[in-house]
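Please look over the chain below. The notes that follow take it element by element.

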Amino acid sequence: MESIRVQNKDIYRIEVNDKGECIQFDLTDIELPFRLEKSKNMVNDAEQWLKGQILIIGKREDVPGKDGGLSANERAQLEAYREFFRRMRAAIDVLAGKDAAQKIFGDQNYVGMFNDFMEQMAPHFDKMQLKGIDIKKRIEEKYGEKADDEI
């Protein structure tokens, strides 16, 4: 059987693990810069939320855990971190696609994971020219017409 596979030149792929899994970005997706901004805002919000939770937990009277287990404050802190990691993973997925955080980090979570992700992505963002004006230019080149700036 004969087959063909047309490679979309506007898709930027990045291999993210030893299994060969990739994340990909459509370079003509006008939503991409907005997703980047939303992702950063989600992480900033998560960081503020976590700081608030830790402060609240630190001011509460602690209750020892049953049978030498976690105290109430220890449990609350761990649950706050769990939620924080969930929010950071969601922010990565908003930018890089469904399950991207799992592909990149597996089951590992740590406080600086989003910053590490963004640091690794910086040269790729440069290559993708991830700015609205560059995306507009690529769309114009792809479809052969100038986008009309007037409404």
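## Helix α4

In this predicted model, the buried residues of α4 are Met-113, Phe-114, Phe-117, Met-118, Met-121, Phe-125 and Met-128. The helix covers residues 113-128, 16 residues in all. From first C-alpha to last it reaches 22 Å. That is close to the 22 Å expected at 1.5 Å a residue.

The helix is kinked, however. At Ala-122 there is a kink of about 40 degrees, and the proline Pro-123 comes shortly after. Gln-129 follows α4, and its phi is positive, near 50 degrees.

## Helix α2

Helix α2 covers residues 72-96. It has 25 residues and reaches 36 Å from its first C-alpha to its last. Here too the span is close to expectation, which is 36 Å at 1.5 Å a residue. Gly-97 comes after the helix, with a positive phi near 105 degrees.

Which residues of α2 are buried? They are Asn-73, Ala-76, Ala-80, Phe-84, Phe-85, Met-88, Arg-89, Ala-91, Ile-92, Leu-95 and Ala-96. These buried residues pack against four elements: β2, α1 (32-59), α3 (100-105) and α4. Two of them, Phe-85 and Arg-89, are taken up next.

## Phe-85

Phe-85 lies in α2. Its relative accessibility is 15%, so it counts as buried, the cut-off being under 20%.

What does Phe-85 touch, not counting residues up to four places away in sequence? The partners are Asn-109, Tyr-110, Val-111 and Met-113. Met-113 is also among the buried residues of α4. Asn-109 is 24 residues from Phe-85 along the chain, yet their C-alpha atoms are separated by 6.4 Å.

## Arg-89

Arg-89 is found in α2 as well. This charged residue is buried, yet has no salt bridge. The nearest side chain of opposite charge is Asp-107, 5.6 Å away. A salt bridge requires a side-chain nitrogen of Lys or Arg within 4 Å of a carboxyl oxygen, so Asp-107 at 5.6 Å does not qualify.

Neighbours within four places in sequence are left aside here. Arg-89 is then in contact with Ala-101, Gln-102, Phe-105, Gly-106, Asp-107, Gln-108, Asn-109 and Met-113. Asn-109 and Met-113 appear in the contacts of Phe-85 and in those of Arg-89.

## The β1-β2 hairpin

Strand β1 (residues 11-15) runs antiparallel to β2, and five bridges join them. Within the pairing, Glu-15 has Cys-22 as its bridge partner. Ile-14 is bridged to Ile-23. Six residues sit between the strands of the hairpin, and Gly-20 takes a positive phi near 85 degrees.

Which residues of β2 are on its covered face, and which on its uncovered one? Ile-23 and Phe-25 are on the covered face. Cys-22, Gln-24 and Asp-26 are on the uncovered face. In a regular strand, side chains alternate between the two faces of the sheet. Strand β2 is one of the elements that the buried residues of α2 pack against.

## The whole chain

The protein chain holds five helices and two strands. From the N terminus on, their order is β-β-α-α-α-α-α.

The chain has 151 residues, and buried residues make up 30% of them. Contacts between residues at least 6 apart in sequence can be split by separation. Of these, 52% join residues at least 24 apart. The pair Phe-85 and Asn-109, in contact and 24 residues apart, gives an example.

Terms used. Residues are numbered from 1 along each chain as its sequence is written. This is a predicted model: local features need pLDDT of at least 70, side-chain atom pairs count only at pLDDT 80 or more; totals for chains, interfaces and linings use all residues. Side-chain values use heavy atoms; hydrogens and water are left out. The expected span of a helix is 1.5 Å times one less than its number of residues. The bend at a residue is the angle between axes fitted to the seven residues ending there and the seven starting there. Buried means under 20% relative accessible area, exposed over 50%, partly exposed in between (1.4 Å probe, protein chains only). Lys and Arg count as positive and Asp and Glu as negative; His and the chain ends are not counted. Contact means heavy atoms within 4.5 Å. Two strands pair if DSSP finds at least two bridges between them.
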